[in-house]
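I opened my notebook for a quick look at this chain. Here is what I looked up, entry by entry.

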Amino acid sequence: MIFLLFGFRTRDKVASRRWMVCEACGVHAPQTVVKRSTKFTLFFIPLFPVKPGTYYMQCDNCGTLRRVDRRAVTSLAA
Ligand SMILES: [Zn+2]
């Protein structure tokens, strides 16, 4: 008998980091953009993403985490 071990794995990856004024604390501090993606796994091996990645921006000063739009991320990288 063969058992299929499948599931999902969510990972965070740093997409970029730049100095900006934080909307929460108002301090000019590094803002880290993190891409969070969820992948389907088979036998603990990630195979393919199950949904588009979502982007979050975290302030390194106050730790506030807020969701950002993908288009905003591309404009930040330019
Ligand atoms: Zn802040």
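Before the first entry, I note the rule I need: a residue counts as exposed if 12 or fewer other C-beta atoms lie within 10 Å of its own, and as buried if there are 20 or more. I also remind myself that this is a predicted model.

Entry one, Arg-67. I found Arg-67 in strand β5, which covers residues 65-68. I looked up its surroundings and got 10 C-beta neighbours inside 10 Å, so Arg-67 counts as exposed. Setting aside residues within four places in sequence, I see Arg-67 in contact with Thr-54 and Tyr-56. I also checked Tyr-55: it sits 12 residues from Arg-67 along the chain, and the two C-alpha atoms are 6.0 Å apart.

Entry two, Ser-37. I placed Ser-37 in strand β2, residues 28-42. Is Ser-37 buried, exposed or partly exposed? I get 16 C-beta neighbours inside 10 Å, so Ser-37 is partly exposed. Leaving out residues up to four places away, I list Arg-11, Pro-49 and Gly-53 as the residues that Ser-37 touches. For Arg-70, 33 residues away along the chain, I read a C-alpha separation of 13 Å from Ser-37.

Entry three, the hairpin. I followed Arg-11 and found that its bridge partner in β2 is Ser-37. β1 and β2 pair in the antiparallel sense, and I have 15 bridges for them. Between these strands I find 6 residues, and in this hairpin Gly-26 has a positive phi near 75 degrees. How many residues of β1 are buried? My answer is 0 of the 16 in residues 6-21, so β1 lies largely in the open.

Technical notes. Residues are numbered from 1 along each chain as its sequence is written. This is a predicted model: local features need pLDDT of at least 70, side-chain atom pairs count only at pLDDT 80 or more; totals for chains, interfaces and linings use all residues. Helices (H or I, at least four residues) and strands (E, at least two) are DSSP runs, numbered from the N terminus. Two residues are in contact if their C-beta atoms, placed from the backbone, lie within 7 Å. Two strands pair if DSSP finds at least two bridges between them.
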